[in-house]
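Reader: I would like a close look at one part of this model, namely the middle of its sheet and what packs there. Please set that part in its surroundings as you go.

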Amino acid sequence: MALAAADRYSCGRTDREETMHEPMPSRTLALSRRSLLSAGGLLLAAWGMPAIAGPTRAMVYKNPWCGCCIGWVEHLEANGFAVTVEDSDDLAPVKARLGVPAHLESCHTAVIEGYTIEGHVPAVAIEKLLVARPTLTGLAVPGMPMGSPGMEGATSEAYDVIAFGPDGESVFLHIPA
Ligand SMILES: [Cu+2]
């Protein structure tokens with residue numbers, strides 16, 4: 001089932017403009033609090049390591065008209081990442097170069113500390129990845145699940161963050177509805 005290009009890059013949603021000014025659902029707030037705790041853990045983990053330069057950098061490739069991609073960028077920034085955005089009308093070559101399996105594709109693609117991050121992956125999963133640093137190509141949240149960072153709205157659904165790499169794929173983190 002192929003999404004029409006317009007649907008795909010506008011996230012298939014037209015009500016984002018109205019919903020983005022509503023108060024965040026409590027689940028999102030809870031997730032943010034968890035993310036902050038994880039960030040605290042990261043700081044502790046970094047204690048005693050050689051001085052490292054500033055916040056974690058994220059390079060995000062997205063379509064210029066993708067609203068939910070901007071929502072995800074804001075989620076990263078709110079969690080302390082320093083984000084650089086590169087807009088492109090054709091992300092297929094980027095996804096191919098960064099090793100995103102076709103069946104795990106979403107809207108935007110990012111590179112964080114050498115890992116490929118595909119779609120609406122929550123910061124808490126990225127922080128867990130950067131602490132554990134497993135041998136992976138990266139993480140993906142395929143499609144665009146409602147309730148994931150950047151896809152906040154009236155409903156939220158459970159979804160999995162998938163780890164992918166040379167050794168195959170596995171569930172890295174389950175996010176409950
Ligand atoms: Cu999206």
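Author: What follows begins with the chain as a whole, moves to the sheet, and then stays with strand E4 and its neighbours.

The model is a predicted one, and its protein chain has six helices and seven strands. Read from the N terminus, the elements of the chain run α-α-α-β-α-β-α-β-β-α-β-β-β. Of the 177 residues, 33% count as buried, and among contacts between residues at least 6 apart in sequence, 60% join residues at least 24 apart.

The seven strands form an open sheet with mixed pairing, in the order E2-E1-E3-E4-E5-E6-E7. Its edges are strand E2 (82–87) and strand E7 (168–175), each of which pairs on one side only, and the twist from one strand to the next averages 20°.

On the way to E4 from the E2 edge, E1 and E2 are paired in the parallel sense over six bridges, with Thr-84 in E2 as the bridge partner of Met-59. The chain passes from E1 through H4 to E2 in a right-handed β-α-β crossover. Helix H4 (residues 67–78) lies across strand E1 (57–62) and E2, and runs at about 160° to E2. E1 is also joined to E3 by four bridges, and these two strands run antiparallel; here the bridge partner of Tyr-61 is Thr-109 in E3.

Strand E4 itself can now be considered. Five of the five residues of E4 are buried, so the strand is largely enclosed by the rest of the structure. With E3 it runs antiparallel, joined by four bridges, and Val-111 stands opposite Thr-116 in E4. E3 and E4 form a hairpin that has two residues between the strands, and in the turn Glu-113 has a positive phi of about 50°. With E5, by contrast, E4 runs parallel, and four bridges join the two; in this pair Glu-118 stands opposite Ala-140 in E5.

Ala-140 also leads on to the next strand, since its bridge partner in E6 is Ile-162. Strand E5 (residues 138–141) and strand E6 (residues 159–165) pair in the antiparallel sense over three bridges.

Helix H6 (residues 123–132) packs on the sheet and touches strand E3 (109–112), strand E4 (115–119), E5, E6 and E7, its direction making about 125° with that of E7. E4, H6 and E5 together make a left-handed β-α-β unit. Within H6 the buried residues include Ala-123, Val-124, Ala-125, Ile-126, Glu-127 and Leu-129, and the helix is followed by Arg-133, whose phi is positive, near 45°.

The contacts of this region can be traced through the largest nonpolar core, which has 35 residues; Val-121, Ala-125, Leu-139 and Val-161 touch the most other members. The elements that give two or more residues to this core are E1, H4, E3, E4, H6, E5, E6 and E7. In soluble globular proteins, nonpolar side chains tend to be buried together. Leaving aside its neighbours within four places in sequence, Leu-139 is in contact with Tyr-115, Ile-117, Val-121, Ala-125, Leu-129, Val-161, Ile-162, Ala-163 and Phe-172.

Note on methods:
Residues are numbered from 1 along each chain as its sequence is written. This is a predicted model: local features need pLDDT of at least 70, side-chain atom pairs count only at pLDDT 80 or more; totals for chains, interfaces and linings use all residues. Two strands pair if DSSP finds at least two bridges between them. Axes are lines fitted to C-alpha atoms, for helices over the stretch in contact, and angles run from 0 to 180 degrees between N-to-C directions. Two residues are in contact if their C-beta atoms, placed from the backbone, lie within 7 Å. A nonpolar core is a set of buried Ala, Val, Leu, Ile, Met, Phe, Trp, Tyr and Cys residues joined through C-beta atoms within 7 Å. A residue is buried if 20 or more other C-beta atoms lie within 10 Å of its own, exposed if 12 or fewer, and partly exposed in between; C-beta atoms are placed from the backbone. A crossover is right-handed if, with the strands pointing away from the viewer, the path from the first strand over the helix to the second runs clockwise.
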